[in-house]
Amino acid sequence: MSDIYILMIVALAVLAVADLIVGVSNDAVNFLNSAIGSKAVSFRTIMIVASLGIAAGAIFSSGLMEVARKGIFVPGEFYFDEIMIIFMAVMITDILLLDFFNTLGMPTSTTVSIVFELLGAAVCVALIKISADANLSVADLGDYINTKKAGEIIAGILLSVVVAFSVGALVQYISRLLLSFNFEKKAKWVGALFGGVALTAILYFIFIKGIKGTNYAKTIVEILYEGGAEGLLDWANTYFNASFETVKDLVDAKKDLFKINPNTGTVALTLRGFLETNVPLIVSVGFVILSLVSFTIIQVFKTNIYRLIIVVGTFALALAFAGNDLVNFIGVPIAALKAYEAWSASGELPHEFSMAVLGGKAETPTLLLLAAGIIMVLTLWFSSKARNVVKTSIDLSRQGEGDEKFRPNFLSRGVVRSTVFLSEIISSITPQSFKKVSDKQFDQESIEVNTFTAKQEDLPAFDMVRAAVNLMVAGVLISIATSMKLPLSTTYVTFMVAMGTSLADRAWGTESAVYRVAGVLNVIGGWFFTAISAFLAAATIAFLLHLHLPSMLAILLALAIFLLVRNTIKYRNKTRAERAEDRLKKSESSSIKGVIEESADNIKSFVNRGNKIYGQTIDSLAKYDLTALKKSRKGIAKLETEVEELRDSIFYFIKNLDESSVGASNFYISILGYLEDITQSLEYIAKVSHKHVNNNHKKLRFNQIKDLKEIEDHLDDFYKNIKSVFDNREFATLNDIIAEKQELFTIVSDKINKQVARTRTEESSPKNTTLYFGLLTETKDLITATMNLLITYRDHQD
């Protein structure tokens, strides 16, 4: 029987490595978002700083997260075989759930997932135990589950979402009022004061969160209390608002803050105790010193203090992530290893050995922490999914217009309408003098004019003030929660702070608010989905493992491997396809020559993709292939979206033109109109073809398919010639292609006449006839729109 548990320990070790990879891919958004979004430093520098933070955090990790051992369930109420089932169910669920969110590019909380997985698996096993004992009922579930602690964790996480958003919005609003968007032109002392505040908050956060619970923090003694036990107790009772009757009571209650020296009998503050019991002193002194340091850096070294804040803040959050969230990934496997070691030494049967041993405290070996840190650093550098998750967060907090990933829904529209109504009420009662000052500080017109000369992808998503506030506020909130022993999700805090600062910075204007709110609601909805699905999936897997451990373990592990490999392959194929695809690009040139050049690339890409979609649709219709027709519809939907994005950017395109090239706007607008006409024709052809097959109507007759294939061949040559012209810039041959219009029309008209004759004599299917005529007439419209496009380009090129 011991062989199966050895196999489970090995499997848990492998799952821990996989969990580290998928976990870092999701949690990287916590510490990369601000630095990447603001483009304060190069991407390489950001990655190096984050890697150093992760490595340091892993080495100084606080050890095994207690929630994995006794935070959710009461270990003494379970036997070894039951604990192993719980831990295995948790790890399998965690990997699949986090990988699912990574593939979607959605940030979620590894803390929430591990908590609810432990809760779901433990509840399932507890209910199985209760059902097997006639003397027990569901009311006894509280004996197995640490309901109080679980409730505190859930409440703390939910509360942190609201607090993080509100505090982030308030601090950013005040910061912008003081600094404005022209912050680099402010007096040097202003930047120095902001640097003092931000660096004090971030460095204090490093000490409180980064080294919390480490061996180093526990052994460094800073202050000795020599006033005797009575004086110490009086101070402690007043400071902690508690009642400690003996020094031992105080030390036992505040293990991380106080330490008794057994040789001298004196009581000392640990480093963490000193930090937490002298907050006003440390913050005040730190602010003065760091403000002077910031002024020196600005004045003497001519360094941008905001850039330094972002670098230090990125390091701090990366360190805290590795030092604390690391245990979300390896806490369960290490707890399983400790349980196995205790059971092996006991000599008892697995179903008789109580897991009360997990009620104690355990430390994670430093070598394991170091290995975990190396895996996390490598994942950070090479995981494309990590960058996908970061992109979602940055897009939602972007200051200017950008690609909107999320579609509006009734809830986001309702929230926006309510917020607009509320803001109008507040505006009506706000003094005009304050509104005038506020509007001046939030004015971005001059900034936007200056940035139009750069390419859109090279511009930062937001400025360095907002990035610094994101890091500072997230650090402060996490520090406060840590010192008060309040549970929270670092992912939720950092994400909601970023959303709050975006709102306060007026990044969510009337043009984008409904999309951004929809995105935030989608992410928050995903968090609830994380909790519910983690609970149910872990409970289900635990139940299956209980039915027959050996066989179910093999099946579930094989299924997990299959799903991970399949998701990875699909994601890579999708990424490669997107890279290979010639995506339509927004015109960013300021001269008519540049616009014509850029539009030529778009036309080449457009006709190539449109030709493929038309050919795939006709071929799939001939083969009666529903799956391929669905793919064609997705392809045209994506092309249609890109054309719509080009239309949405017309405002910025026109503003970007220089005075001598304003006429290029008519050309650009006309081109977009014809591209839209072509996509509408392709969309109709793909839609009616899919509908016909999806409804199981009769297949097209052989003659109909033959005629369509003939038209397809002519159009294929037609579009390939167009692609060649625009690819090689051989615009002198455009007239030859335009001259083919009548020939193409004649071919399509001939097919229409043949179908009319067939309908009168031999055709028996009205659905086939309707589909066929629809395809032919829409093909004529497709040819017309394409010819108009070429004529417009030829005329402006000349």
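Hi everyone. Let me open with a small space: the second largest cavity in this structure, with a volume of about 50 Å³. This is a predicted model, by the way, so please keep that in mind as we go.

Which residues line this second largest cavity? The lining is made by N30, F205, L317, A320, F321, I478, T490 and T494. Sorted by class, that gives 5 nonpolar residues, 3 polar ones and no charged ones. Two helices, α12 and α19, each bring at least two residues to this lining. The largest share comes from α12, with 3 residues.

Now to the other cavities. How many of 30 Å³ or more does the structure hold? There are 5, and the largest has a volume of about 100 Å³. Its lining counts 15 residues, and the closest to the centre are V29, N30, N33, T494 and F495. You may recognise two of those names: N30 and T494 also line the second largest cavity.

Which helix gives the most to the lining of the largest cavity? That is α19, with 5 residues. At least two residues each come from α1, spanning 2-38, from α18, spanning 464-483, and from α19, spanning 490-504. By class, the lining of the largest cavity has 8 nonpolar and 7 polar residues, and again no charged residues.

Let's move from the empty space to the packing. The largest nonpolar core takes in 157 residues, and F31, L32, F87 and M88 have the most contacts inside it. Helix α12, residues 305-346, supplies the largest share of this core, 22 residues. So α12 turns up twice in this talk: it also gives the largest share of the lining of the second largest cavity. Apart from the largest core lies another one, of 57 residues, with A664, I705, L715 and L789 among them.

Finally, the whole chain. Its secondary structure comprises 29 helices and 3 strands. The chain has 798 residues, of which 50% count as buried. What share of the contacts between residues at least 6 apart in sequence joins residues at least 24 apart? The figure is 83%. As for the outside, the chain exposes about 36,500 Å², and 61% of that is supplied by carbon and sulfur atoms.

If you have the model open, try starting at N30, which lines the second largest cavity and is listed with the residues closest to the centre of the largest one. Thanks for listening, and I'm happy to chat.

Key: Residues are numbered from 1 along each chain as its sequence is written. This is a predicted model: local features need pLDDT of at least 70, side-chain atom pairs count only at pLDDT 80 or more; totals for chains, interfaces and linings use all residues. Side-chain values use heavy atoms; hydrogens and water are left out. Helices (H or I, at least four residues) and strands (E, at least two) are DSSP runs, numbered from the N terminus. Buried means under 20% relative accessible area, exposed over 50%, partly exposed in between (1.4 Å probe, protein chains only). Contact means heavy atoms within 4.5 Å. Accessible areas come from the Shrake-Rupley method with a 1.4 Å probe; for residues, only the protein chains shown count as cover. A nonpolar core is a set of buried Ala, Val, Leu, Ile, Met, Phe, Trp, Tyr and Cys residues joined through side-chain atoms within 4.5 Å. On a 1 Å grid over the protein atoms alone, a cavity is a set of points where a 1.4 Å probe fits but cannot get out, and a pocket is an open set with protein on both sides within 12 Å along at least five of seven lines; lining residues have an atom within 4 Å of a point. Grid points are joined across faces, edges and corners, and a volume is the space filled by probe spheres set on the points. Ala, Val, Leu, Ile, Met, Phe, Trp, Tyr, Cys and Pro count as nonpolar, Asp, Glu, Lys and Arg as charged, and the others, Gly among them, as polar.
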